[in-house]
Amino acid sequence: MKKVILFALALALSLSGMADDFSSLWKKVDEARNKDLPRTQIKLLDQIAVKASGERAYGHLLKAGLMRGQCLAALSPDSVAPFLSRLEHRQQTAEPVLKAVYASVLGTIYAQNLLNENEVKAREKSDGWYRQSLANPDL
């Protein structure tokens, strides 16, 4: 569990200390958000995700992926379910520590009940993801 917390902290800290390329891309994302250009934001977030995945910059990868989901939801609320399916797939194929972080994120998303499901069903999904995030305390 300690390693998961340390990994999450390292991810957060890595956002401020990465290369200028990430800084300039994030600045462009902010500009697109300020101009209310969600499609432009999505394209830029995709660029960040590809770059972050290649460089194993998981903080940027997570942030870009989640912001992309917000943009998609703003464009079309129907896109939340497919976004969650993709996020669940990423969780299943990720490295062990990143897998735990994704599971925690999914637990939080389901706890917020963004799909407006039955409250009991949403809580069960949330609890299941939280249990997965804590399944390997040796991380």
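1. Let's start with the charged pairs. There are six salt bridges in this structure, and keep in mind as you look at them that the model is a predicted one. The general idea is simple: side chains of opposite charge can pair when their charged atoms come close.

2. Have a look at helix H2, which covers residues 20-34. Here Asp-30 and Arg-33 form a salt bridge, with 2.6 Å from N to O. The two residues are three apart in H2, so about one helical turn separates them. If you wonder how that works, an α-helix has 3.6 residues a turn, so residues three or four places apart point the same way. Asp-30 is partly exposed, because its relative accessibility is 33%. Arg-33 is partly exposed too, at 42%.

3. Helix H7 (residues 119-133) has a similar story to tell. Arg-123 and Asp-127 are joined by a salt bridge, this time at 3.8 Å from N to O. They sit four residues apart in the helix, so the separation is again about one helical turn. With a relative accessibility of 43%, Arg-123 counts as partly exposed, and Asp-127 is partly exposed at 29%.

4. Now for a pair that isn't inside one helix. Glu-95 and Arg-56 meet in a salt bridge at 2.9 Å, N to O. This one ties together distant parts of the chain, since the partners are 39 residues apart: Glu-95 belongs to the loop between helix H5 (80-93) and H6, while Arg-56 belongs to the loop between helix H3 (38-55) and helix H4 (58-75). How exposed are they? Glu-95 is partly exposed, at 35% relative accessibility. Arg-56 has a relative accessible area of 52%, so it counts as exposed.

5. Lys-51 is worth a click. Together with Asp-21 and Glu-55, Lys-51 takes part in a network of salt bridges. The charged end of Lys-51 also lies over the ring of Phe-22, 5.0 Å from the ring centre. A second case of a charge over a ring is Lys-63, whose charged end is 4.3 Å from the centre of the Trp-26 ring. If you go looking for aromatic pairs as well, the count is zero.

6. Next, helix H6, residues 96-111. Does its length come out shorter, longer or as it should? Its 16 residues should span 22 Å at 1.5 Å a residue, and the C-alpha atoms at its ends are 23 Å apart, so the two agree. Plenty of H6 is buried: Leu-98, Ala-100, Val-101, Tyr-102, Ala-103, Val-105, Leu-106, Gly-107, Ile-109 and Tyr-110. After H6 comes Asn-113, which has a positive phi near 55 degrees.

7. Where does Gln-41 sit, and is it buried or exposed? Gln-41 is part of helix H3, and it counts as buried because its relative accessibility is 7%. Setting aside neighbours within four places in sequence, Gln-41 touches Val-29, Ala-32, Arg-33, Met-67 and Cys-71. Yes, that's the Arg-33 that pairs with Asp-30.

8. Finally, how far should you trust what you see? The chain has an average pLDDT of 85, and 83% of its residues score at least 70. Among the elements, H3 has the highest mean pLDDT, 95, and helix H1 (residues 2-14) the lowest, 51. Where pLDDT is low, the predicted coordinates should not be read in detail.

Definitions and conventions
Residues are numbered from 1 along each chain as its sequence is written. This is a predicted model: local features need pLDDT of at least 70, side-chain atom pairs count only at pLDDT 80 or more; totals for chains, interfaces and linings use all residues. Side-chain values use heavy atoms; hydrogens and water are left out. Rings of Phe, Tyr and Trp (its six-membered ring) pair if their centres lie within 6.5 Å; planes under 30 degrees apart count as stacked, over 60 as edge-to-face and the rest as tilted. A charge sits over a ring if NZ of Lys or CZ of Arg is within 6 Å of the ring centre and within 35 degrees of the ring normal. The expected span of a helix is 1.5 Å times one less than its number of residues. Buried means under 20% relative accessible area, exposed over 50%, partly exposed in between (1.4 Å probe, protein chains only). A salt bridge is a side-chain nitrogen of Lys or Arg within 4 Å of a carboxyl oxygen of Asp or Glu. pLDDT is the predictor's confidence in each residue, from 0 to 100. Contact means heavy atoms within 4.5 Å.
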